[in-house]
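Biologist: I have a chain to look at and would like to go through it slowly, one question at a time. Could you show it to me and explain the terms as we need them?

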Amino acid sequence: MSDRHISQHFETVAIHAGNTADPLTGAVVPPIYQVSTYKQDGVGGLRGGYEYSRSANPTRTALEENLAALEGGRRGLAFASGLAAEDCLLRTLLAPGDHVVIPNDAYGGTFRLFAKVVSRWGVEWSVADTSDPAAVRAAITPKTKAVWVETPSNPLLGITDIAALSHVAREAGAKLVVDNTFASPYLQQPLALGADVVVHSLTKYMGGHSDVVGGALVVADQALGEELAYHQNAMGAVAGPMDAWLVLRGIKTLAVRMDRHSENAVKVAEMLTRHARVTRVLYPGLPEHPGHETAAKQMRSFGGMVSFQAEGGEEAAVEVCNRAKVFTLGESLGGVESLIEHPGRMTHASVAGSLLEVPADLVRLSVGIENVDDLLEDLKQALG
């Protein structure tokens, strides 16, 4: 629907890739094709390649072209949620008896998918610290088909050297999968660093306004893209046209939003490091963060997610969440508004008792684009 090579500059690509003016009216925003089926030009004569909106829809096509352009991939695919995208990927790459290395810090829903769903299908998995290539290499078995990475990770903000791990995965004949949700393609492009597949929850920074749920896969290899597209259609958990349109709209401001998210998050993290009621701050933009140098090498800036541990343990952390006023107590992340949550009781309750269990005193912040002075004052009063 558009020339994805219109520019090499991210901000221009974000606005124009996939966004061709409507040929009938000249509307500069692609229409929402709220349609289930299409009139064919004779039996088997598809008009523009469309027959049924599970298989393809023009609004979703526009988003998928945009996603591929932003990540520098050969094929982009949009799904009903991030977990739907992950499920399609796993069922495309794996068969019963295969093995996956997963990170020791990851989104609770991803862990649940491996531990409670995929494992029942006969797929094995083991946990490794993905910030340590030697640990990942030691966890790989002859049956390993994929190495799964989040960087920055959720919720401990760990950093993985994507280029280094791509060599480890390639040596083992495994695919390197990178969940790029926390960074977004504006801050980090895993395919350019050697990853095979990028995963996104489009619900987060890509949509950016807490008004849509979606997921995406972007791949470097055209053949893998075709295989994923086959499974996407066969399984059916596709992004609807309204959801695709909302994500496309959000992506147009991704660059300016991520700049502001990152600027605010640095100031929040620096304030928290000086606060007497905070025992530890986790943010890759801080020089003392163990992954700071790697993050500086592979990211444009350090993003809008900050986690910290509160003095006084779990109850103190919960009280900080409850006392916040500008920061909204809620799950998810990446919207223009700031959110605060207790991972152990909320987004990561599913990892309790596992190797991925998070500290009970941990608070996670999604730092929004409000005036940073208001955010700082709110955190100070919440900490007491």
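Modeller: Before we speak of loops, note that helices (H or I, at least four residues) and strands (E, at least two) are DSSP runs, numbered from the N terminus. Please also keep in mind that this is a predicted model.

Biologist: Where does Pro-152 lie, and which residue is joined to Pro-152 by a cis peptide bond?

Modeller: Pro-152 belongs to the loop between S4 and H6, where S4 covers 144-150 and H6 covers 162-171. The peptide bond in question has an omega of about -5 degrees and is cis, and the residue that it joins to Pro-152 is Thr-151.

Biologist: Is Thr-151 buried or exposed?

Modeller: Thr-151 sits in that loop between S4 and H6, and, leaving aside its neighbours within four places in sequence, it is in contact with residues including Gly-158, Ile-162, Asp-179 and Gln-298. A polar atom of the Thr-151 side chain also lies 3.0 Å from the backbone nitrogen of Thr-160. Buried means under 20% relative accessible area. Because the relative accessibility of Thr-151 is 0%, this residue counts as buried.

Biologist: Which residue in the loop between S4 and H6 has a positive phi although it is not a glycine?

Modeller: The loop between S4 and H6 also holds Pro-155, and the peptide bond from Asn-154 to Pro-155 is cis, with omega near 15 degrees. The residue you ask about counts as buried because its relative accessibility is 1%. Its phi is about 55 degrees, and the residue in this loop is Leu-157.

Biologist: Why is strand S2 described as largely enclosed by the rest of the structure?

Modeller: In a regular strand the side chains alternate between the two faces of the sheet. In S2, His-99, Val-101 and Pro-103 point one way while Val-100 and Ile-102 point the other way, and all are buried. S2 is therefore largely enclosed, since the number of its five residues that are buried is five.

Biologist: In which sense do S2 and strand S3 pair?

Modeller: Strands of a sheet pair through backbone hydrogen bonds, either parallel or antiparallel. Here Val-100 of S2 has Trp-125 as its bridge partner in S3. Five bridges link S2 to S3 (residues 124-128), and the sense of the pairing is parallel.

Biologist: Which residue of S12 is the bridge partner of Phe-308?

Modeller: Strands S8, S9, S12, S11 and S10 form an open sheet with mixed pairing, in the order S8-S9-S12-S11-S10, and its edge strands are S8 and S10. Within this sheet, S9 (residues 305-310) and S12 (residues 362-366) run antiparallel and are joined by five bridges. The bridge partner of Phe-308 in S12 is Val-363.

Biologist: Which helix gives the most residues to the largest nonpolar core?

Modeller: The largest nonpolar core has 83 residues, and among those that touch the most other members are Val-147, Leu-272 and Phe-308. Leaving aside its neighbours within four places in sequence, Val-147 is in contact with several residues, including Val-101, Ile-140 and Leu-176. With eight residues, the helix that gives the most to this core is H10.

Biologist: How many disulfides does the count come to?

Modeller: Cys-88 counts as buried because its relative accessibility is 1%, and Cys-321 counts as buried because its relative accessibility is 3%. A disulfide needs a pair of cysteine sulfur atoms within 2.5 Å. By this rule the number of disulfides is zero.

Definitions and conventions. Residues numbered from 1 in each chain as written. Predicted model: local features only at pLDDT ≥ 70, side-chain atom pairs only at ≥ 80, totals over all residues. Heavy atoms only, no water. Buried < 20%, exposed > 50% of the residue type's maximum accessible area, 1.4 Å probe, protein only. Core = buried A, V, L, I, M, F, W, Y, C linked by side-chain atoms within 4.5 Å. Contact = heavy atoms within 4.5 Å. Polar contact = N/O pair within 3.5 Å; in protein donor to acceptor, adjacent residues only side chain to side chain. Pairing = 2+ DSSP bridges.
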